[in-house]
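Trainee: Please take me through one part of this protein closely. I would like the surroundings of a single buried side chain, then its wider setting.

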Amino acid sequence: MSNSAFSEKSYAIAVCISGVFGILGIHHFYLERWGMGLFDLSLSIIGFVLLAYGNSWGVLFLVVDIIHTIYVTYKLLVGEYEDGRGKIVAYPGQKEN
């Protein structure tokens with residue numbers, strides 16, 4: 001599988017992490033997409049801190065984070081999301097193009 005266009009990362013683990021910890025970006029770290037992981041984590045931290053201080057802008061940050069998480073989770077579910085090495089995180093039985 002080393003020459004495959006598919007990632008060695010587990011599809012099931014990636015989808016589960018995305019579904020449970022999606023707004024924190026943990027799934028990006030698992031898939032070695034460090035920039036996207038820091039982006040998601042930053043959005044959620046900034047959103048929660050702003051809300052804690054009574055600033056309503058925190059809602060905007062969290063909404064953007066949630067929309068981004070839904071999009072990434074969808075891409076994972078349909079087998080179109082790539083890991084940090086540019087390989088597709090394939091669902092079971094997915095065929096190579």
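What follows is one connected answer, from one histidine outward to the core and the surface.

Mentor: This is a predicted model, in which local features need pLDDT of at least 70, side-chain atom pairs count only at pLDDT 80 or more, and totals for chains, interfaces and linings use all residues. Residues are numbered from 1 along each chain as its sequence is written, and side-chain values use heavy atoms, with hydrogens and water left out.

Start with the frame. The protein has four helices and zero strands, where helices (H or I, at least four residues) and strands (E, at least two) are DSSP runs numbered from the N terminus. The order is α-α-α-α. The C-alpha atoms fill a box of roughly 50 × 20 × 20 Å along the principal axes.

Now the histidine. His28 sits in helix α2, residues 26–30. His28 counts as buried because its relative accessibility is 0%; buried means under 20% relative accessible area, exposed over 50%, partly exposed in between (1.4 Å probe, protein chains only). Its side chain makes a polar contact of 3.2 Å with the side chain of Asp40. Such a contact is a pair of N or O atoms within 3.5 Å; within protein, one must be able to donate a hydrogen and the other to accept it, and residues adjacent in sequence count only if both atoms are side-chain atoms. Leaving aside residues up to four places away in sequence, His28 touches Arg33, Met36, Gly37, Asp40, His68, Val72 and Tyr81. Touching, or contact, means heavy atoms within 4.5 Å.

Two of those neighbours, Val72 and Tyr81, lead into the largest nonpolar core. Its eight residues are Tyr11, Ala14, Val15, Leu31, Val72, Leu76, Tyr81 and Val89. A nonpolar core is a set of buried Ala, Val, Leu, Ile, Met, Phe, Trp, Tyr and Cys residues joined through side-chain atoms within 4.5 Å. The elements giving two or more residues to this core are α1 (11–21) and α4. Helix α1 gives the most, with three residues. Tyr11 also touches Leu76, Leu77, Val89, Ala90, Tyr91 and Pro92, not counting residues up to four places away in sequence.

Turn to the outside. Val59 lies in helix α4. Val59 is partly exposed because its relative accessibility is 43%.

Last, the whole chain. Buried residues make up 36% of the 97 residues. Among contacts between residues at least 6 apart in sequence, 47% join residues at least 24 apart.
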